[in-house]
Amino acid sequence: MAAEKNTHAAPTAKDMKDIVALCKRRGFIFAASDIYGGLNGFWDYGPLGVELKNNLRDRWWRDMVVTPPIGPDGQPIEIVGLDSAIIQNPKCWEASGHVGGFNDPMVDCKESKKRYRADHLIVLSPNDGQGPWLAFDKEASADEIAQRLKKHARGRPESDYTRGQLDKTPVADFPKIIGPDAKEPGTLTEPRQFNMMFHSYAGAAAGEENKVYLRPETCAGIFLNFKNVLDSSRVRVPFGIAQIGKAFRNEVTPRNFIFRSREFEQMELEWFCHQDDVPMWFDFWVEQRKKFWESVGLPLNHLHFYDTPKADLAHYSARTIDFEYQFPFSGDGFDELEGIAHRGNFDLTQHQEFSKAKLEYMDPTDNTKRYLPHVIEPSAGLSRGVLALLCEAYTPDPNRPSGVYLNFTPAMAPKKAAILPLTAKEEHAAPATNLYLELREDFAVDLDIKQNIGKRYARQDEIGTPFCFTIDDQTNADQTVTVRERNTMAQERISLDKVHEYLRVKMKA
RNA sequence: GCGGGUGUAGCUUAGUGGUAAAGCUCUAGCCUUCCAAGCUAGCUAUGUGGGUUCGAUUCCCAUCACCCGCUCCA
């Protein structure tokens, strides 16, 4: 065994450093703008990465839109697809709460290194203009305020001060202010906007009136098209609208490879149903989504299902379950892969109010019944799913030349099989090429002729190709080939004319 | 955004105030009947920008990217 000659240090455990290196070395994922030094929070998918991502995306689309699951009543449910624009009318984001609601100015304290929302701080300014100003959290107790007045103002009574809000205080006065956790005045920076959404300007003339936003989530486009879909598709409640696409967030700190990036891809379903049926459908979708992740290669015991406590729920949500995966960087914890949320009818209500469009659904069996359907939203990260598949598949194995292999399911593997003539001689290369041309009609396969067979097996192990078909002298004698299985490295001979069927069966398994 | 660390070829490492070395990968050829084998040849690097200096990969500053910890993650 030549493992000790392998220069790609044979890892013994799943380590992000090794996974990132493999992704770059074999062409799964590169830093965006690599030759310019990269760009924080952006990543490019290489030749194999795009195949892997497409496989996951296509499976989701097939499971949702092409062959949606059978519902609790034994009948197939209805889901239709959508591909809405990344940029929508900015009012959309006012209705959703993304503009105005969440982009509060923040101040940093240079001394305590803490960050505060400017509108959460109150400021006491001395009426006689003498001495420092004091900033507090607006929740600060009378005791705390008295304590700090004692410390910084020799116990002057609060009545000597005027109470104001930090975000209403002129920046020119900031040098006099002692921050909530500071000892010296003048440590607070001026309030800054932290824009979670990327913005741009639609049209050549850039002006605030042309300001538009790149969507921070794909679901909004679904709500905006709720009525269009109803009016054009003959769907009836309960039904779903599915969408896959890019979303953009100005995350404060992109981290952990592609896990938290500023441009990413989501797979979202909005399931519209009657309020009374929410509990049934919620449970239904939790089960369906579990089956999905299991079927693409994430064992359920590697996932964690977090039922968000009521107190932590977003204001519009009655229940949320996060599907979390134990990534190598998660430590003993887990990080979110998908969230299933009951959003009530918050979104349709908001968009109906802001757009003035009538979005109510009329019960087709009783046209006196009109209502805004409730929504259950299974929202999965496609980019995060790709990362989870990579991390799950990454398998160090000191007993093979590559030192590591990617244990993708055949259906997710970027390459399903490699066709390898044992030597580059014509009597091997020619039949191999014929087999390759036949198989590529139905499968993503590689033909690799150059170099010795061991190197080629090793390469395929590293990119997670589940099967290698090898053509040798015996192939020409009896029309059989060797199948080499990735995980076991075991070989068997099968008939050349059975190869296509062999692969077809394995893809379904 | 803060603090700490790192940055030499695709990877792993070496080295020096005087113009960068090696192994593996990769490419081409030869050879090879099953696991990175052998022979020959070849491509490829001091993250970026300044400064000091006759000369900087080396020293200094800034910046960018990545890693760890905090913060953030509606």
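Let us start at Lys246, a residue of strand β13, which covers residues 239-248. Keep in mind as you look around that this is a predicted model. Is Lys246 buried, exposed or something in between? Its relative accessible area is 30%, and because buried means under 20% and exposed means over 50%, Lys246 counts as partly exposed.

Now look at the company this lysine keeps. Leaving aside residues up to four places away in sequence, Lys246 touches Lys53, Ile86, Arg215, Thr218, Glu263, Phe264 and Glu265. One of these partners deserves a second look: the side chains of Lys246 and Glu263 are joined by a polar contact of 2.7 Å. You can also try a distance along this part of the chain. Ile258 is twelve residues from Lys246 in sequence, and their C-alpha atoms are 13 Å apart in space.

Next, travel along the chain to Pro421, which you will find in strand β23, residues 417-421. Why does Pro421 count as buried? The reason is its relative accessibility of 0%, since the cut-off for buried is under 20%. Around Pro421, again not counting residues up to four places away in sequence, the residues it touches are His428, Ala429, Ala432, Leu447, Asp448, Ile449, Arg456 and Ile471. Here is a nice example of folding to find on your screen: Pro421 and Thr470 are 49 residues apart along the chain, yet their C-alpha atoms are separated by 5.5 Å.

Finally, turn to RNA strand B. There are 48 residues around this strand, and those that come nearest are Arg260, Lys455, Tyr457, Arg459 and Asp473. On the RNA side, sugar and phosphate make up 46% of the strand B atoms that come within 4 Å of the protein.

What about the bases? Three side chains are worth finding. Asn452 has a polar side-chain atom 2.6 Å from a base nitrogen of RNA strand B. For Arg255, an N or O atom of the side chain is 3.1 Å from a base nitrogen of the strand. In the case of Arg484, a side-chain N or O atom also has a base nitrogen of RNA strand B at 3.1 Å. The elements that give two or more residues to the surface near the strand are α11 (453-463) and β26 (480-485).

Which element gives the most to this surface? That is α11, with seven residues. To complete the picture, you can sort the residues of the surface near RNA strand B by character: 14 are nonpolar, 18 are polar and 16 are charged.

Note on methods
Residues numbered from 1 in each chain as written. Chains lettered and ligands numbered in written order. Predicted model: local features only at pLDDT ≥ 70, side-chain atom pairs only at ≥ 80, totals over all residues. Heavy atoms only, no water. Near = heavy atom within 4 Å. Polar contact = N/O pair within 3.5 Å; in protein donor to acceptor, adjacent residues only side chain to side chain. Helix = DSSP H or I, 4+ residues; strand = E, 2+ residues; numbered from the N terminus. Nonpolar A, V, L, I, M, F, W, Y, C, P; charged D, E, K, R; others polar. Buried < 20%, exposed > 50% of the residue type's maximum accessible area, 1.4 Å probe, protein only. Contact = heavy atoms within 4.5 Å.
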